[in-house]
Amino acid sequence: MSTLAGVAVADDLDRSERLAAMRSGALGSVHSWELVTAVDGPGTRLTVFLSGCPLRCLYCHNPDTLAMKDGRPVTADELLGRVARYLPVFRATGEG
């Protein structure tokens with residue numbers, strides 16, 4: 001998995017502001033992302049892994065993303081802007 005190099009982190013918020021932004025959906029705890037072409041179909045895929053899942057499933061596929069503290073606070077606008085940069089790639093490779 002890749003890291004979040006180059007993504008602006010919203011670490012200037014105090015605790016109450018951060019919680020309010022997370023509750024509203026404006027801020028998320030992003031662990032990492034992965035941009036890949038896969039053998040399971042045409043196109044390029046971008047998967048964003050969020051941190052802080054409370055479920056603790058016995059056979060969790062991504063246990064390294066369970067702790068909220070392991071993620072970085074990223075605004076939805078910042079993340080969507082970063083994803084938009086890859087739209088030409090998605091179109092050129094047959095979407096995904």
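What share of the 96 residues in the chain is buried? In this predicted model, buried residues account for 24% of the chain. The overall fold is a handy place to begin. Three helices and three strands make up the secondary structure, and they follow one another along the sequence as α-β-β-β-α-α. Taken along the principal axes, the C-alpha atoms occupy a box of roughly 45 × 35 × 20 Å. The surface exposed by the chain comes to about 6500 Å², with 58% of that area supplied by carbon and sulfur atoms. As for charge, the chain carries 10 positive and 11 negative charges, and the mean positions of these two sets lie 2 Å apart.

Contacts and the nonpolar core come next. Of the contacts between residues at least 6 apart in sequence, 58% join residues at least 24 apart. The largest nonpolar core has five residues, namely Val 7, Val 30, Trp 33, Val 74 and Leu 79. Within this group, Leu 79 touches Val 30, Trp 33 and Val 74. Leu 79 also touches Val 48, with residues up to four places away in sequence left out of the list.

Trp 33, a member of that core, leads on to the aromatic residues. Two aromatic pairs are found. In one of them, Trp 33 and Tyr 86 meet edge-to-face, with 6.4 Å from centre to centre and 85 degrees between the planes. Trp 33 belongs to strand S1 (residues 27–37), whereas Tyr 86 sits in the loop between helix H2 (76–84) and helix H3 (87–92), so this pair ties together parts that are 53 residues apart in sequence. Trp 33 has a relative accessible area of 7% and is therefore buried. Tyr 86, by contrast, counts as partly exposed because its relative accessibility is 22%. The other pair joins Tyr 86 to Phe 90 in a tilted arrangement, at 6.5 Å centre to centre and 35 degrees between the planes. Phe 90 counts as buried, its relative accessibility being 14%. Through these ring pairs, Trp 33, Tyr 86 and Phe 90 are linked into a cluster.

Finally, a word on Cys 60. This residue is located in the loop between strand S2 (44–50) and strand S3 (72–75). With a relative accessibility of 31%, Cys 60 counts as partly exposed. Cys 60 and Ala 92 are 32 residues apart along the chain, and their C-alpha atoms are separated by 33 Å.

Terms used: Residues are numbered from 1 along each chain as its sequence is written. This is a predicted model: local features need pLDDT of at least 70, side-chain atom pairs count only at pLDDT 80 or more; totals for chains, interfaces and linings use all residues. Side-chain values use heavy atoms; hydrogens and water are left out. Helices (H or I, at least four residues) and strands (E, at least two) are DSSP runs, numbered from the N terminus. Buried means under 20% relative accessible area, exposed over 50%, partly exposed in between (1.4 Å probe, protein chains only). A nonpolar core is a set of buried Ala, Val, Leu, Ile, Met, Phe, Trp, Tyr and Cys residues joined through side-chain atoms within 4.5 Å. Contact means heavy atoms within 4.5 Å. Accessible areas come from the Shrake-Rupley method with a 1.4 Å probe; for residues, only the protein chains shown count as cover. Lys and Arg count as positive and Asp and Glu as negative; His and the chain ends are not counted. The place of a charge is taken as NZ of Lys, CZ of Arg, CG of Asp or CD of Glu. Rings of Phe, Tyr and Trp (its six-membered ring) pair if their centres lie within 6.5 Å; planes under 30 degrees apart count as stacked, over 60 as edge-to-face and the rest as tilted.
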